[in-house]
Amino acid sequence: MTGPAEFRAEARAWLSTVAALRTSASWGTGDDSVAVFDNWTEEEEHAHTARGQEWERTRFDAGWGALSRAPSSGGRGLPAFYEQLYRTEEAAFDVPRRSEIFPVTQHLVAPAIEIWGTDEQKRRWLRPMLRTDELACQLFSETEAGSDLAAVRTKAVRDGGHWVLHGHKVWTSGARVATWGVAVCRTDPEAPKHAGITVFLVRMDAPGVTVRPIRQMTGGASFNEVYLDGVVVPDTDRLGPVGQGWKVTLSVLAAERLDSGSLGLDNADRAIELARHRALSDVERQQTADLFVRTLVQRLIGLRVTAALAAGREPGAEASVGKLYATETMRRTSDLVVQLLGPRLVADTGEWGTFAWTEHLLGAPGYSIAGGSDEIQRTILAERVLGLPKEPSR
Ligand SMILES: Cc1cc2nc3c(=O)[nH]c(=O)nc-3n(C[C@H](O)[C@H](O)[C@H](O)COP(=O)(O)OP(=O)(O)OC[C@H]3O[C@@H](n4cnc5c(N)ncnc54)[C@H](O)[C@@H]3O)c2cc1C
């Protein structure tokens with residue numbers, strides 16, 4: 001196996017043949033977007049996704065995608081931390097920015113298929129998802145089932161070799177561009193809450209699937225509500241055993257926590273850069289130093305996740321702390337920017353790097369909710385990491 005240093009050099013060499021190095025754009029020029037959620041029309045979302053897919057295919061076909069996945073799915077079977085080594089190199093190059101649907105497909109759904117899929121499903125789904133020929137969204141949350149996800153009410157009823165789905169999902173990121181939706185459904189209303197659940201992959205273009213964008217306070221609509229009205233799903237698209245969907249769901253949620261550790265770092269770095277370009281009061285200097293230290297600690301937590309993976313250990317505490325820490329970094333970034341820019345945040349005067357920050361301020365709170373709210377992450381830490389008594393179950 002190629003060692004880490006050699007691997008990084010090879011990645012850098014390959015990247016330089018297919019992408020331009022990012023120029024260190026001088027402060028005050030170029031794109032000043034710090035949007036946390038993209039503010040796209042449907043056409044723009046499709047166009048941006050297509051550019052992302054083209055890049056992912058280039059990477060995959062050259063052997064730089066799916067690094068830690070099995071060679072049978074087009075991967076290289078390398079230890080998981082090689083993905084992070086590659087990302088570090090790629091960050092120096094000008095490649096399309098991944099919107100949420102990409103990590104959801106490659107890092108959340110594909111690994112769950114690897115764990116729970118039949119051989120036929122792995123053959124059918126893994127390669128197209130890792131190459132992003134097919135994209136998958138999470139049809140998990142409902143109006144009455146978010147933190148308490150096991151309370152899902154979307155029904156799936158067996159009809160011979162098929163299942164018929166009826167229900168209403170909300171907050172589905174990327175539903176407009178997804179090929180598949182991973183739907184958490186109730187198949188046995190009589191069974192205890194966690195036992196009556198089964199997971200299906202639903203084609204998003206199937207008759208009976210309706211996607212309606214939901215406007216967020218940022219102004220954009222990166223998530224949607226999805227109606228499932230009598231959607232017919234073949235039993236061959238069921239992921240995992242009937243009644244064991246809760247375990248399948250937990251696999252996806254654990255991967256989501258793992259994937260959240262680097263959230264917010266780019267914008268925190270940008271806010272620190274903003275501070276560097278201003279004369280700071282003592283309080284502002286203190287606040288900037290605090291944010292700077294946080295970015296270092298967050299990166300160290302990321303390295304601990306990497307180290308756990310490299311040692312073949314499932315990261316537990318590191319992953320939960322990472323998500324919680326990341327959302328706090330986003331909050332402190334907002335606080336610093338408000339302190340530094342004050343009234344220049346209020347109106348769009350066209351001044352570079354000022355009003356654009358409202359996209360961070362209004363978007364950041366979303367990540368304290370998405371992927372399990374801060375309160376739920378604290379409960380996971382308390383119960384599973386610190387071993388404190390469990391919350392009374394409902
Ligand atoms: C930007 C964004 C993208 C999203 N993308 C998706 C997606 O692609 N697919 C998908 O299925 N879902 C998605 N979601 C939904 C997300 O998973 C849920 O919003 C989240 O799980 C919280 O559920 P809820 O909104 O129903 O809030 P609730 O569960 O009703 O919670 C409301 C408040 O009560 C608190 N609370 C609830 N239970 C407890 C408890 N036991 N202890 C302490 N506090 C508690 C919560 O922390 C929260 O502050 C997304 C959400 C956002 C914001």
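These are my notebook entries on one predicted protein model and the ligand in it.

**Entry 1: the whole chain**

I started with the big picture. I counted 11 helices and eight strands in the chain. Next I looked up the box that the C-alpha atoms fill, and along the principal axes it comes to roughly 70 × 45 × 45 Å. Is the chain's radius of gyration what a compact globule would have? I'd rather ask it this way: what radius of gyration does the chain have? The chain has 22 Å, and a compact globule of 394 residues would be near 21 Å, so the two agree. I also checked burial, and 37% of the 394 residues count as buried. Then I went to the contacts with a separation of 6 or more: 72% of them join residues 24 or more positions apart.

**Entry 2: the domains**

The domain assignment splits the chain into domain 1 (39-130), domain 2 (136-244) and domain 3 (260-385). I looked up how far apart two of the centres are, and domain 1 and domain 3 are separated by 25 Å, taken over C-alpha atoms.

I then opened the UniProt record, which is an unreviewed entry. It lists "domain: Acyl-CoA dehydrogenase/oxidase N-terminal" at residues 43-131. In the model, that stretch is 64% helix and 0% strand, and its end C-alpha atoms are 22 Å apart. The record also has "domain: Acyl-CoA oxidase/dehydrogenase middle" at residues 137-230. Here I found 0% helix and 51% strand, with the end C-alpha atoms 19 Å apart.

**Entry 3: around the ligand**

How many residues surround the ligand? I found 19, and the closest are Phe-140, Gly-146, Ser-147, Trp-171 and Ser-373. By class, the shell has seven nonpolar, 10 polar and two charged residues. Domain 2 and domain 3 each give at least three residues to this shell. Going down to single elements, β1 (136-139), β3 (162-173) and α11 (374-385) each supply at least two.

**Entry 4: Trp-171 and Ala-66**

Trp-171 was on my list of the closest residues to the ligand, and I traced it to strand β3. Its phi is positive, about 60°, although Trp-171 is not a glycine. Buried or exposed? Trp-171 has 21 C-beta neighbours inside 10 Å, so it counts as buried.

Ala-66 also has a positive phi, near 50°, and is a residue other than glycine. I found Ala-66 in the loop between α2 (42-61) and α3 (81-90). Ala-66 is buried, because 25 other C-beta atoms lie within 10 Å.

**Entry 5: Glu-225**

Glu-225 sits in strand β7 (residues 223-234). I counted 18 other C-beta atoms within 10 Å, so Glu-225 is partly exposed. Which residues does Glu-225 contact, leaving aside neighbours within four places in sequence? They are His-168, Lys-169, Val-170, Arg-212 and Ile-214. I also took one distance: Glu-225 and Asp-237 are 12 residues apart in sequence, and 22 Å apart in space from C-alpha to C-alpha.

**Entry 6: helix α10**

My last stop was α10 (residues 358-367), a helix that is mostly covered. Eight of its 10 residues are buried, among them Glu-359, His-360, Leu-361 and Tyr-367.

Note on methods
Residues numbered from 1 in each chain as written. Predicted model: local features only at pLDDT ≥ 70, side-chain atom pairs only at ≥ 80, totals over all residues. Near = placed C-beta within 6 Å. Helix = DSSP H or I, 4+ residues; strand = E, 2+ residues; numbered from the N terminus. Nonpolar A, V, L, I, M, F, W, Y, C, P; charged D, E, K, R; others polar. Domains from an automatic or database assignment. Rg over C-alpha atoms; globule rule 2.2 N^0.38 Å. Buried ≥ 20, exposed ≤ 12 C-beta atoms within 10 Å, placed from the backbone. Contact = placed C-beta atoms within 7 Å. UniProt positions renumbered as here; feature names shortened; annotations may be inferred.
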